[in-house]
Amino acid sequence: MATMADVARSAGVSVATVSHVLNGTRPVLPHTRQAVLDAVEELGYTTNTLARSLVTARTRSIGLAVSAISNPYFTEILQGVEAAALEAGYSLLIADPHDDPEHERKVVQLLHERRVDGVIVAPSADPHGLLAYLGRHDVPAVFLDRLVDGPGTDGGPCFDQVCADNADPTSRLVTHLAGLGHRRIGLVAGRPGLSTTSERISGYRSGLAFAGLAYDGRLLVHGDSESAGAEQATEALLSLGEPPTALVTGNNAMTIGVLRALGAHGLSVPDDIALCCFDDFAWADLFSPRLTAIAQPGRDIGARAVHVLLERLAEPDRPARTVRLPCAFVHRTSCGCPSPSEEGTPS
């Protein structure tokens with residue numbers, strides 16, 4: 001098996017230079033770096049990760065704890081995390097907390113015990129145990145998608161956080177529907193306690209206010225961020241004496257449940273009821289009608305979380321920050337508008 005000394009002899013450089021190239025610890029001239037990489041390839045050299053971790057106290061690994069990995073949105077985030085981690089030379093260990101606070105703490109503890117350099121977590125609605133563990137063991141962490149309130153330095157967050165904008169995009173969906181003449185607009189919101197849920201509710205209410213519509217608490221229901229819960233919540237909306245004429249759904253899983261409930265009642269979208277969705281997904285353009293949606297930058301969120309974590313590892317004492325990435329309004333036909341192509345305008 002080739003050693004680092006073998007690579008150094010083949011490339012005509014010192015062992016220290018080979019180490020700097022492989023570990024990224026110091027800039028190396030491009031032609032020297034290429035010579036080292038060519039020697040690594042020719043000799044089939046592989047780094048001894050265990051030995052390096054004993055010297056540096058780093059394993060160059062990241063723990064990722066996200067629930068509902070089968071959810072297309074979290075799948076996009078996972079792809080972004082994986083690509084950014086690989087590009088930076090880090091491996092990835094993945095665990096699913098199942099949105100359960102106790103299980104969440106346990107899986108993060110397991111990741112920490114595997115000596116990951118830091119963790120990226122999409123926290124549950126009750127992350128007190130998680131926060132206590134991370135704080136007690138001083139684990140470098142970035143919260144993903146869902147924010148956590150906490151007394152950080154200067155009144156800021158207690159941990160780094162990366163998420164999409166939630167309130168303004170939801171408000172835009174509501175004002176778009178109001179602009180089409182709808183006066184009873186319902187919201188199928190996510191699980192209570194999640195920052196994404198509270199922020200989208202805030203956007204819903206601000207959208208109503210901007211459109212000059214009164215808030216009616218009966219038109220706000222919780223689908224628990226899941227298809228089955230959204231189906232039941234939609235049933236409750238449809239049973240009202242004056243049911244809504246338009247709906248906004250809080251995530252892609254709930255959109256499926258809403259469509260199932262509407263279909264069971266023989267209601268057609270958008271002829272009988274208009275529909276707009278928070279979360280775009282790969283097959284949204286294949287539905288009939290095509291779903292008007294807010295598209296979150298899932299891969300960018302995942303990649304940015306990795307970059308923020310690496311910055312935290314490089315500067316452990318800097319203040320924590322919250323990074324928000326913009327969403328896109330994807331205009332299709334489930335809202336009741338003509339197809340953008342029929343209007344002669346891009347979607």
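The exercises below, each with a worked solution, go through a predicted model.

Residues are numbered from 1 along each chain as its sequence is written, and side-chain values use heavy atoms, with hydrogens and water left out. Because the model is predicted, local features need pLDDT of at least 70 and side-chain atom pairs count only at pLDDT 80 or more, while totals for chains, interfaces and linings use all residues.

**Exercise 1. Confidence**

Find the mean pLDDT of the protein, and the stretch where the pLDDT is below 50.

Solution. Begin with the scale: pLDDT is the predictor's confidence in each residue, from 0 to 100. The mean for the protein is 89, and 91% of its residues reach 70 or more. The pLDDT is below 50 over residues 342-347, a stretch that has 8 contacts in the model beyond near neighbours in sequence, where contact means heavy atoms within 4.5 Å. Where pLDDT is low, the predicted coordinates should not be read in detail.

**Exercise 2. The parallel sheet**

Work out the strand order of the open sheet of 6 strands, and state which strands stand at its edges.

Solution. First fix the terms: helices (H or I, at least four residues) and strands (E, at least two) are DSSP runs numbered from the N terminus, and two strands pair if DSSP finds at least two bridges between them. The order is 2-1-3-4-5-11, with parallel pairing. Strand 2 (91-95) and strand 11 (322-325) are the edges, since each has a single partner strand, so one side of each is left without a neighbour in the sheet. Neighbouring strands are turned by 20° against each other on average, direction ignored; the axes are lines fitted to C-alpha atoms, for helices over the stretch in contact, and angles run from 0 to 180 degrees between N-to-C directions.

Next, take one pair: strand 4 (residues 141-144) and strand 5 (residues 160-164) are joined in the parallel sense over 3 bridges, and phenylalanine 143 has glutamine 161 in strand 5 as its bridge partner. Finally, add a helix: helix 12 (residues 298-314) lies across strands 1, 3, 4, 5 and 11, at about 165° to strand 5.

**Exercise 3. Cysteines**

Explain why the count of disulfides comes to 0, using cysteine 335 and cysteine 158.

Solution. A disulfide is a pair of cysteine sulfur atoms within 2.5 Å. The sulfur of cysteine 335 is 3.6 Å from the closest cysteine sulfur, that of cysteine 337, which is too far for a bond. For cysteine 158 the closest cysteine sulfur, in cysteine 163, is 14 Å away, again too far. Their surroundings can be read from relative accessible area, where buried means under 20%, exposed over 50% and partly exposed in between (1.4 Å probe, protein chains only): cysteine 335 is buried at 2%, whereas cysteine 158 is partly exposed at 29%.

**Exercise 4. Backbone exceptions**

Locate aspartate 138 and aspartate 279, and decide whether each is buried or exposed.

Solution. Most residues other than glycine have a negative phi, and most peptide bonds are trans. Aspartate 138, although not a glycine, has a positive phi of about 55°; it sits in the loop between helix 7 and strand 4 and is exposed, at 68% relative accessibility. Aspartate 279 likewise has a positive phi, of about 100°, but its loop joins strand 9 and strand 10 (292-295), and at 4% relative accessibility this residue is buried. As a last step, note the cis peptide bond between valine 269 and proline 270, with omega about 5°; proline 270 lies in the loop between helix 11 (252-264) and strand 9.
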